[in-house]
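Please look at the sequence and the structure shown here. The paragraphs that follow explain how the parts are arranged.

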Amino acid sequence: MRALEESKFESSCIDSISEVLQFLSGKWTFLVMTQLLREPQRFNQLRRNLGNVNTKGLTDTLRNLEEHQMLNRQVFPTVPVTVEYSITEKGKAFSKVFEQINHWKNEWDSPVQQSS
């Protein structure tokens, strides 16, 4: 009986992880989200803050995150048009995953010891 419960848990967990990684697996996704967790930003502001991201890569990442309701895209009627991106409540909730990644890294990523 216990093995069956564990099997269901593992299956459910693996399925969930697989689904989430499908839309969060982009090269820039986590970095974009961490930038937007700090503050809402415009496209060029994000591009500068991310360093060497290309326009297409950033555009694709933003569209994907917007499609999955992780960020909001707000258009301001200015000349030229101003677009600002901000994190949604769903995206903010994902920050707990970032905190757990940080905790895991700090606990397990000790410097490699070199032999003398």
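How many bridges join E2 to E3? Six bridges join these two strands, which run antiparallel. The model is a predicted one, in which local features need pLDDT of at least 70 and side-chain atom pairs count only at pLDDT 80 or more, while totals for chains, interfaces and linings use all residues. Residues are numbered from 1 along each chain as its sequence is written, and side-chain values use heavy atoms, with hydrogens and water left out. Helices (H or I, at least four residues) and strands (E, at least two) are DSSP runs, numbered from the N terminus; two strands pair if DSSP finds at least two bridges between them.

E2 and E3 form a hairpin, with five residues between them. E3 is also joined to E1, by two bridges, and these two strands run antiparallel. The outcome is an open sheet of three strands in the order E1-E3-E2, with antiparallel pairing. Strand E1 (41-42) and strand E2 (71-76) each have a single partner strand, so one side of each is left without a neighbour in the sheet. Within E3, Glu 84 stands opposite Arg 42, and Glu 84 is also the bridge partner of Gln 74.

In a regular strand the side chains alternate between the two faces of the sheet. E3 shows this alternation: Val 83, Tyr 85 and Ile 87 point to one face and are buried (under 20% relative accessible area, with a 1.4 Å probe and protein chains only). Thr 82, Glu 84 and Ser 86 point to the other face and are not buried.

Tyr 85 also belongs to the largest nonpolar core, which has 20 residues. Such a core is a set of buried Ala, Val, Leu, Ile, Met, Phe, Trp, Tyr and Cys residues joined through side-chain atoms within 4.5 Å. Among the residues that touch the most other members are Val 32, Leu 58 and Leu 62. The elements giving two or more residues to this core are helix H1 (2-24), helix H2 (29-38), H3, H4, strand E3 (82-87) and helix H5 (89-108).

Two of these helices, H3 (residues 43-50) and H4 (residues 55-67), pack at an angle of about 115 degrees, with their axes 11 Å apart. Axes are lines fitted to C-alpha atoms, for helices over the stretch in contact, and angles run from 0 to 180 degrees between N-to-C directions. The contact (heavy atoms within 4.5 Å) is made by Phe 43, Leu 46, Arg 47 and Leu 50 of H3 and Thr 55, Leu 58, Thr 59 and Leu 62 of H4.

Terms used:
Buried means under 20% relative accessible area, exposed over 50%, partly exposed in between (1.4 Å probe, protein chains only).
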